[in-house]
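Hi,

Here is the structure I promised to pass on. Have a look at it first, and my notes on what turned up follow below.

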Amino acid sequence: QVQLQESGGGSVQAGGSLRLSCAASESTTISSSIMGWFRQAPGKEREGVACISSHGLTAIADSVKGRFTISRDNAKTFLYLEMNSLKPDDTAMYYCAARGWADLSLSLVPDDYSDWGGGTQVTVSS
């Protein structure tokens, strides 16, 4: 029901950085919903990367902890994923997603999210 759109993907050398952004068609979605970032590499299952609650609580996957940061802007109209120290294994299509408004717990499980963006490609070369 809610349209999400990612941007900011691209190609970067290993060790570089990118910041992904996600915008929602409904103004209250990012501010009030649990929001998550997921990624899927070719031939692999979709995996959770990070998520954030309306109060700023976060859950980060071990594979990216210390390198990636999930956040909202001050107005809570955009969701971000700042990616630092990128590795070739980070190469994937990255998706933002929203849980239902009544779902208030952090989750990195794709099936727990109801609204999805179309994805933005991140390619990290060695």
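Let me start with Arg-39: at 5% relative accessibility this residue counts as buried (buried is under 20% relative accessible area, exposed over 50%, partly exposed in between, with a 1.4 Å probe and protein chains only). Its salt-bridge partner is Glu-47, with N to O at 2.8 Å. A salt bridge here is a side-chain nitrogen of Lys or Arg within 4 Å of a carboxyl oxygen of Asp or Glu. Unlike buried Arg-39, Glu-47 is partly exposed, with a relative accessible area of 35%.

Before going further, a word on where this comes from. It is a predicted model, in which local features need pLDDT of at least 70 and side-chain atom pairs count only at pLDDT 80 or more, while totals for chains, interfaces and linings use all residues. Residues are numbered from 1 along each chain as its sequence is written, and side-chain values use heavy atoms, with hydrogens and water left out.

Back to the charges. The structure holds four salt bridges. One of them joins Asp-90 and Arg-67, whose closest N and O atoms are 2.7 Å apart. That pair ties together distant parts of the chain, 23 residues apart: Asp-90 is in the loop between strand 8 (78–83) and strand 9 (92–98), and Arg-67 is in the loop between strand 6 (58–60) and strand 7 (68–72). Both Asp-90 and Arg-67 are buried. Arg-39, Glu-47, Arg-67 and Asp-90 are also linked in a network of salt bridges.

Another bridge runs between Lys-65 and Asp-62, at 3.3 Å from N to O. Here Lys-65 is exposed at 51% relative accessibility, and Asp-62 is exposed too, at 67%. Over the whole protein there are 10 positive and 13 negative side chains, and the centres of the two sets lie 6 Å apart. For that count, Lys and Arg are positive and Asp and Glu negative, with His and the chain ends not counted; each charge is placed at NZ of Lys, CZ of Arg, CG of Asp or CD of Glu.

Now the overall fold. The protein comes to one helix and 11 strands, in the order β-β-β-α-β-β-β-β-β-β-β-β from the N terminus. Helices (H or I, at least four residues) and strands (E, at least two) are DSSP runs, numbered from the N terminus. The radius of gyration is 13 Å, which agrees with the value near 14 Å for a compact globule of 126 residues; it is taken over C-alpha atoms, and the globule rule is 2.2 Å times the number of residues to the power 0.38. Of the 126 residues, 41% count as buried.

Two serines also caught my eye. Ser-71 is found in strand 7 and is partly exposed, with a relative accessible area of 27%. Leaving aside residues up to four places away in sequence, Ser-71 touches Ile-52, Phe-78, Leu-79 and Tyr-80, where contact means heavy atoms within 4.5 Å. The C-alpha atoms of Ser-71 and Ser-21 are separated by 9.6 Å, with their positions 50 residues apart along the chain.

The other one is Ser-85, in the loop between strand 8 and strand 9. Ser-85 has a positive phi of about 50° although it is not a glycine. Most residues other than glycine have a negative phi. At 44% relative accessibility, Ser-85 counts as partly exposed.

Cheers
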